[in-house]
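Colleague: Can you walk me through this one? I have some questions about contacts and burial.

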2 protein chains.
Amino acid sequence: MVSSSNCHMTAEQVFAKLQSTYPKVALATVYNNLNRLCEDGAIRRVSMEGMPDHYDHIQRHDHLVCQQCGQLLDVDLGDLTQQLEAKAGVSILSYDLKLVYVCENCKKTINGKECE
Amino acid sequence: MVSSSNCHMTAEQVFAKLQSTYPKVALATVYNNLNRLCEDGAIRRVSMEGMPDHYDHIQRHDHLVCQQCGQLLDVDLGDLTQQLEAKAGVSILSYDLKLVYVCENCKKTINGKECE
DNA sequence: ACACCAATTTGGAATCATTCTAAAAGTAAT
DNA sequence: ATTACTTTTAGAATGATTCCAAATTGGTGT
């Protein structure tokens, strides 16, 4: 079965990767299984503006998103639940925190053309 | 011109609302202008998993998202930039923070059917 | 081996939000 | 009112994802 990956793959990428080993899997199956795994809490879906969903491991962590190229990077800021609950005044189930920055690659490349 | 609204409307909702007063505006125009306003920093786009983009005012604030019905609510946790930068160890341009909770409405309704 | 039921997979059509495109309509200055 | 520019329009196109009904696969008991 499709097991979770260590990077931040999209359904399409998982599909592509699978094709070499299992040439007959259908894209629908990939979506089915990714969805199932998400429901079961085995993997985590990361959606970002204007790009296909990425799938990620479930260990607690947050994300750095490059403003230029959209590249996604894990970063662990620790568990802020307590703090956020206190400030918001409601009890929360979870939270989604994305830090927008400019990745090293894009910092070099003057106008961010060659990223990703 | 289409000016920003005080709630969290989708392009479709803006379109619908406009139709009564300007029956000939096209949906494409709404998208054009919402996009422009976003670029110009006059409004803010809020994208959430599995639902159309919502548009929001630009004053600094974060969001509460109901897990059941997806309803979006403003909440202000103050500016966490300093703190997050310190923890992440990189300088960030901005951040996007969504707190997942269960709204009052959905808490009442035993299985969240009647929300939104 | 064999038949039976359930669960999974397939491939292709369908959906939905959004963008693209090329033509039409405004708007302004000359 | 003529050119030059910008905005708008309508509808087609796109792209990610879901839906669907048919086909395949997996046991399980015999």
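Modeller: Start with H1(A): the cover over its buried residues includes strand E1 (9-10), H2 and strand E3 (51-56) of chain A. Keep in mind that this is a predicted model.

Colleague: Which residues of helix H1 (residues 11-21) of chain A are buried?

Modeller: Ala11(A), Val14(A), Phe15(A) and Leu18(A). They lie on the same side of H1(A), because the arc they cover around the axis is only 100°.

Colleague: And what exposed residues does the face turned away from the buried side of H1(A) carry?

Modeller: Lys17(A) and Ser20(A) are the exposed residues there.

Colleague: On to the DNA. How many residues surround DNA strand C, and which are the closest?

Modeller: There are 14 residues around DNA strand C, and the closest are Lys24(A), Ala26(A), Thr29(A), Tyr31(B) and Asp53(B). Of the atoms of DNA strand C that come within 4 Å of the protein, sugar and phosphate make up 79%.

Colleague: What lies close to a phosphate oxygen of DNA strand C, and at what distance?

Modeller: Tyr31(B) places a polar side-chain atom 2.6 Å from a phosphate oxygen. From the backbone, a polar atom of Lys24(A) is 2.8 Å from a phosphate oxygen of the strand, and a polar backbone atom of Asp53(B) is 2.9 Å from a phosphate oxygen.

Colleague: Which elements supply at least two residues each of the surface near DNA strand C?

Modeller: Helix H2 (27-39) of chain A does, and so do helix H2 (27-39) and strand E3 (51-56) of chain B. H2(A) gives the largest share, five residues. By class, that surface has seven nonpolar, four polar and three charged residues.

Colleague: Now the other strand. Which residues come nearest to DNA strand D?

Modeller: Tyr31(A), Asp53(A), Lys24(B), Ala26(B) and Thr29(B) come nearest, out of 14 residues around DNA strand D. Sugar or phosphate accounts for 82% of the strand's atoms within 4 Å of the protein, and the rest belong to bases.

Colleague: What about distances to a phosphate oxygen of DNA strand D: where does Thr29(B) come in?

Modeller: A polar side-chain atom of Thr29(B) is 2.3 Å from a phosphate oxygen of DNA strand D. For Ala26(B), a backbone N or O atom lies 2.9 Å from a phosphate oxygen of that strand. Asn35(A) has a polar side-chain atom 3.2 Å from a phosphate oxygen of DNA strand D.

Colleague: And which element gives the largest share of the surface near DNA strand D?

Modeller: H2(B), with five residues. H2 and E3 of chain A and H2 of chain B each supply at least two residues. The residues of this surface divide into seven nonpolar, four polar and three charged.

Colleague: Change of topic. How many salt bridges does the structure hold over all chains?

Modeller: It holds 12 over all chains. One pairs Asp76(B) with Arg60(B), at 2.9 Å from N to O. That pair links distant parts of the chain, 16 residues apart: Asp76(B) is in the loop between strand E5 (72-75) and helix H3 (81-88) of chain B, and Arg60(B) is in the loop between E3 and strand E4 (62-66) of chain B. There is also a network in which salt bridges that share partners join Arg45(A), Asp53(A) and Glu49(B).

Colleague: Within that, how far apart are the closest N and O atoms of Arg45(A) and Asp53(A)?

Modeller: They are 4.0 Å apart. Arg45(A) is partly exposed at 22% relative accessible area, and Asp53(A) is partly exposed at 25%.

Colleague: Back to chain B. Is Asp62(B) buried or exposed?

Modeller: Asp62(B) counts as buried, because its relative accessibility is 2%. The residue sits in strand E4 of chain B. Asp62(B) forms a salt bridge with Arg60(B), at 3.1 Å from N to O. Arg60(B) is partly exposed, with a relative accessible area of 32%.

Colleague: What else does Asp62(B) touch?

Modeller: Leaving out residues up to four places away in sequence, Asp62(B) touches Leu73(B), Asp74(B), Val75(B), Asp76(B), Leu77(B), Gly78(B), Tyr95(B) and Leu97(B). The side chain of Asp62(B) also reaches the backbone nitrogen of Leu77(B) at 3.4 Å.

Colleague: And how far is Asp62(B) from Leu93(B) in space?

Modeller: They are 15 Å apart, C-alpha to C-alpha, and 31 residues apart in sequence.

Conventions:
Residues are numbered from 1 along each chain as its sequence is written. Chains are lettered from A and ligands numbered from 1 in the order in which they are written. This is a predicted model: local features need pLDDT of at least 70, side-chain atom pairs count only at pLDDT 80 or more; totals for chains, interfaces and linings use all residues. Side-chain values use heavy atoms; hydrogens and water are left out. A residue is near a molecule or strand if one of its heavy atoms lies within 4 Å of it. A polar contact is a pair of N or O atoms within 3.5 Å; within protein, one must be able to donate a hydrogen and the other to accept it, and residues adjacent in sequence count only if both atoms are side-chain atoms. Helices (H or I, at least four residues) and strands (E, at least two) are DSSP runs, numbered from the N terminus. Ala, Val, Leu, Ile, Met, Phe, Trp, Tyr, Cys and Pro count as nonpolar, Asp, Glu, Lys and Arg as charged, and the others, Gly among them, as polar. A salt bridge is a side-chain nitrogen of Lys or Arg within 4 Å of a carboxyl oxygen of Asp or Glu. Buried means under 20% relative accessible area, exposed over 50%, partly exposed in between (1.4 Å probe, protein chains only). Contact means heavy atoms within 4.5 Å. The arc is that of the directions from the helix axis to the C-beta atoms.
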